[in-house]
Amino acid sequence: MATTTVTTSEDRTPATFTLNKAYPKTVPAILKVVQAICSLIAYLCAACAPWWTSRSISGYRFFEWVCQWHMWSVIILYLLVLLNVHHRLRCIDWSLTEFIHYVFASIFFFIGSIIAAAFSTNGALTAAAIFGFMCLFLYAAGAYLAFKSWRSNPQAEPAAVNA
C-alpha cells in the first residue's frame with residue numbers, strides 16, 4: 001500500500017482590503033500624497049486662468065489632462081498598497097509598474113509644464129507652470145525610488161513595509 005504525503009504551504013497573503021497601517025508613514029506613501037496635492041494645485045491654477053487664447057487651448061487641455069490623469073493614478077496606486085490589494089494581484093510587478101508610471105508622468109509633466117510656461121500670460125498660468133515643474137521633480141523622485149526598489153528585488157512590493 002502506497003502512502004501519499006501532502007504538504008501545504010501557508011498562504012501569508014493578507015485578506016483583501018485589510019488596512020496596511022504602517023504604509024502611510026513610509027517615504028513612498030508620503031511622496032504619493034504630496035504628488036497628488038501638487039497635481040491638484042497645478043490643475044486648479046490652470047483651470048482658474050482667465051486668458052487661454054484659441055491658439056493655446058489644446059495645450060491647456062493637455063496640461064489639465066496630465067494633472068488629472070496622474071493625480072488619480074497616484075491615488076489609485078496609494079489605495080492599492082494601503083488596502084493590500086497589491087498582494088492579491090501577484091501577476092503584476094508593482095515596483096516596475098510604478099517605475100513606468102512615474103517615468104511617463106515625468107515626461108508628460110515636463111511637456112505640459114513647458115506648454116503652460118510658454119503660454120503664461122497671467123499669474124494663474126505662471127503658478128500652474130511652477131506647480132507643473134514641481135510635479136515633474138516629485139514624479140522623478142518617485143521614479144528613482146521605484147527604480148531602486150525594482151532593482152533591489154525584482155518582484156518586490158511597492159513599499160518596503162508590508163502589513
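A residue is classed as buried under 20% relative accessible area, as exposed over 50%, and as partly exposed in between. The exercises below apply this scale and related criteria to a predicted model.

**Exercise 1. Fold and confidence**

Determine how many helices and strands the chain has, and state which helix has the lowest and which the highest mean pLDDT.

Solution.
Step 1. The secondary structure consists of 4 helices and 0 strands, and the order along the sequence is α-α-α-α.
Step 2. For the chain as a whole, the mean pLDDT is 82, with 80% of the residues at 70 or more.
Step 3. Among the elements, the lowest mean, 90, belongs to helix 2 (residues 57-82). The highest, 93, belongs to helix 1 (residues 27-47).
Step 4. A caution applies to interpretation: predicted coordinates should not be read in detail where pLDDT is low.
Step 5. The chain has 163 residues, and 40% of them are buried.

**Exercise 2. A nonpolar patch**

Identify the residues that form the nonpolar surface patch of about 530 Å², and classify Ile-100 as buried, partly exposed or exposed.

Solution.
Step 1. The patch is built from Ile-100, Phe-104, Ile-107, Phe-110, Ile-111 and Ile-114.
Step 2. Ile-100 belongs to helix 3, which spans residues 94-118.
Step 3. The relative accessibility of Ile-100 is 41%, so this residue counts as partly exposed.
Step 4. Membership of a patch requires over 30% relative accessible area, and the 41% of Ile-100 satisfies that requirement.

**Exercise 3. The salt bridge**

Find which side chains meet in a salt bridge, and decide whether Lys-32 and Glu-98 are buried or exposed.

Solution.
Step 1. The count of salt bridges is 1.
Step 2. The partners are Lys-32 and Glu-98, with an N to O distance of 3.2 Å. The cut-off for this pairing is 4 Å.
Step 3. The pair connects distant parts of the chain, since Lys-32 is in helix 1 and Glu-98 in helix 3, with their positions 66 residues apart.
Step 4. Lys-32 counts as buried because its relative accessibility is 2%. Glu-98, at 3%, is likewise assigned to the buried class.
Step 5. The two side chains also satisfy the polar contact criterion, at 3.2 Å.

**Exercise 4. Cysteines without a disulfide**

Explain why the sulfur atoms of Cys-45 and Cys-135 are not bonded to their closest cysteine sulfurs.

Solution.
Step 1. Two cysteine sulfur atoms must lie within 2.5 Å to count as a disulfide.
Step 2. For Cys-45, the closest cysteine sulfur is that of Cys-48, at 7.2 Å, and this is too far for a bond.
Step 3. For Cys-135, the closest is the sulfur of Cys-38, at 3.3 Å, which is again too far.
Step 4. The search of the whole structure accordingly returns 0 disulfides.
Step 5. Both residues lie in the buried class: Cys-45 has a relative accessibility of 17%, and Cys-135 has 0%.

**Exercise 5. The loop residue Asn-84**

State where Asn-84 lies, which side chain it contacts, and what its phi is.

Solution.
Step 1. Asn-84 is located in the loop between helix 2 and helix 3.
Step 2. With a relative accessibility of 0%, Asn-84 counts as buried.
Step 3. Its side chain forms a polar contact of 3.0 Å with the side chain of Thr-18.
Step 4. The phi of Asn-84 is positive, about 60 degrees, although the residue is not a glycine.

**Exercise 6. Separation in sequence and in space**

For the pairs Gly-123 with Cys-45 and Val-27 with Leu-145, report how far apart the residues are in sequence and in space.

Solution.
Step 1. Gly-123 is part of helix 4 (residues 123-152) and, at 53% relative accessibility, counts as exposed.
Step 2. Gly-123 and Cys-45 are separated by 78 residues in sequence, and their C-alpha atoms are 8.8 Å apart.
Step 3. Val-27 is placed in helix 1, and its relative accessibility of 54% puts it in the exposed class.
Step 4. Between Val-27 and Leu-145 the sequence separation is 118 residues, whereas the C-alpha to C-alpha distance is 9.1 Å.

How values were computed:
Residues are numbered from 1 along each chain as its sequence is written. Side-chain values use heavy atoms; hydrogens and water are left out. Patches are made of residues with over 30% relative accessible area and no salt bridge: like charges are joined within 9 Å, nonpolar side chains (Val, Leu, Ile, Met, Phe, Trp, Tyr) within 5 Å. Accessible areas come from the Shrake-Rupley method with a 1.4 Å probe; for residues, only the protein chains shown count as cover. Helices (H or I, at least four residues) and strands (E, at least two) are DSSP runs, numbered from the N terminus. Buried means under 20% relative accessible area, exposed over 50%, partly exposed in between (1.4 Å probe, protein chains only). pLDDT is the predictor's confidence in each residue, from 0 to 100. A polar contact is a pair of N or O atoms within 3.5 Å; within protein, one must be able to donate a hydrogen and the other to accept it, and residues adjacent in sequence count only if both atoms are side-chain atoms.
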